[in-house]
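Biologist: Could you take a close look at one part of this protein with me? I am new to reading structures, so please go step by step.

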Amino acid sequence: MSDPVLTEEAQRFAAEVARLGAGLTSPVLAVSGGPDSMAMLTLAQESLGTGFTVASVDHRLRPEAAGESAMVAAHCATFGIRHATLAPTEPITGASIQAQARTVRYALLADHARAIGAGCVLTAHHADDQAETFLMRAARGSGLAGLAGVRARTEVAGIPVIRPLLDWRRAELRAIVRRAEVPFFDDPSNHDDRHDRTRFRRLLGANEWLGTPNLARAAAALAEADADVRAAVEWLWADRAKVAAGEVRLTVGDVPRELLRRMVRRAIGVVRDAVTEAARDGAEPDAVAAIEGDWSAAVNIERLLDALIAGKRATQAGVIASPRAGVWRFRPAPPRRSVYIRPARTH
C-alpha cells in the first residue's frame, strides 16, 4: 500500500514536471545515487509510470563512483526501469575539477538523451542548492545573471534540462528515501571544506536565520528578471546589431548599461567565433586553442565599457572595439608584431 504522504508529494512532483516540461516526453533522470536524486527517482516511479529512463555519470574521479552507479542500476532493474552508466572518454584533470566535472556531466547527459530520443533531462537540484549557489555568487560579486542561480529550465547542447525540485528542501528529500527505504550514498566530497559549496552549506546549516527558502525565492525572482533582460537584449540585437565579414557594428544610442554590457559580450563572442572558425581551416590544434584562448578574458568588460562610453577605442580578448558617432565597431585585433632586436656587436 502506498504511503499517503508520499502520494501527495508525488502529485506535487508530477505537477512541477508537467509545468516545466510542457510538451516534452520520455525524460532522462540524472541519478547519482545520493539521497536527492534517489528521492527524485522514487517520486518519478510513483507519478510518471514507466515513461522515463535513468542515467548515472561516473566521472572516474572516485573509485566509489562505480559502485554507486551499480547500486542505482540494480535499484532500477528491480522496477524494470532502463538505466545507463555514462563515463568520459578522457580523464578530468587540471584546476577547478568540480566545474570541469559539471561540464562533462551535462555533455554526457545531453548526448545520451539525444541518442535515445529523450525529450529532456531532469536533475535533482533543490532549494538548499539554490541558496548555496546564491550566497557563493554574491560573495564573488556576481551580477544579475549569476545571482539568478540554478534555472528551473535551461538547455544544454540543444537538450532541455528541467529541475522540478527547486522548491523542495534537502531534508524533505532525505525523508522520502528513508521512509520508502530506498538505498542511497552520501558523497564524501559534500563534507570536504576545500570546496566553496561545502563551506556555504555549513554556513546555512549553522545559521537558520539566513532563511534558505527566502534565498531560493530571491534567486527565482532574479532569474525571472534575467529572462526579461535577455528578451530585451534579443530585441535590441535584432534591431541594432549588424554582422558582416566577421565584424559587428552596434548602434548604441541611449541603451542602459546592463543591456550594453550583454550586447558587447555577445559582439565579442561573435567576432571571436568567426576568428576561431577561420583558424580551424587547416590549422594545427594548438594554434586553434591559442586563438580560442580563455573566455574569462571577455567576462569582465567594465574597463572596455568605460572606454567605449567615453568615446575611446579599446581591446579585449583579441577583439578591438572602436566607437564613432553612436556606433560601436568590433573586429579582430591585428596580430602582435614581434620586435627584432639587433644583437650587440662583439669586438
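What follows is a walk along one strand and its neighbours.

Modeller: Happy to! Keep in mind that this is a predicted model. Let's settle on strand 8, which covers residues 247-251. Start with its side chains, which alternate along the strand. Val248 and Leu250 point to one face, and both are buried. Glu247, Arg249 and Thr251 point to the other face and are not buried.

Now look to either side. On one side of our story is strand 7, residues 241-244, joined to strand 8 by 4 bridges. These two strands run antiparallel, and they form a hairpin with 2 residues between them. Find Ala245 in that turn: its phi is positive, at about 55 degrees. Once you are past the turn, look for Arg249 in strand 8, which is the bridge partner of Lys242.

Next comes strand 11, residues 327-332. Here too, 4 bridges make the link to strand 8, and the pair runs antiparallel. Arg249 turns up again, this time standing opposite Arg329 in strand 11. That makes Arg249 a handy landmark for you: follow it to Lys242 as its bridge partner, then to Arg329 in strand 11.

To put the picture together, strand 8 pairs with strand 7 through 4 bridges and with strand 11 through 4 bridges. Within strand 8, Val248 and Leu250 share the buried face, while Arg249 points to the other one together with Glu247 and Thr251.

Technical notes:
Residues are numbered from 1 along each chain as its sequence is written. This is a predicted model: local features need pLDDT of at least 70, side-chain atom pairs count only at pLDDT 80 or more; totals for chains, interfaces and linings use all residues. Side-chain values use heavy atoms; hydrogens and water are left out. Buried means under 20% relative accessible area, exposed over 50%, partly exposed in between (1.4 Å probe, protein chains only). Two strands pair if DSSP finds at least two bridges between them.
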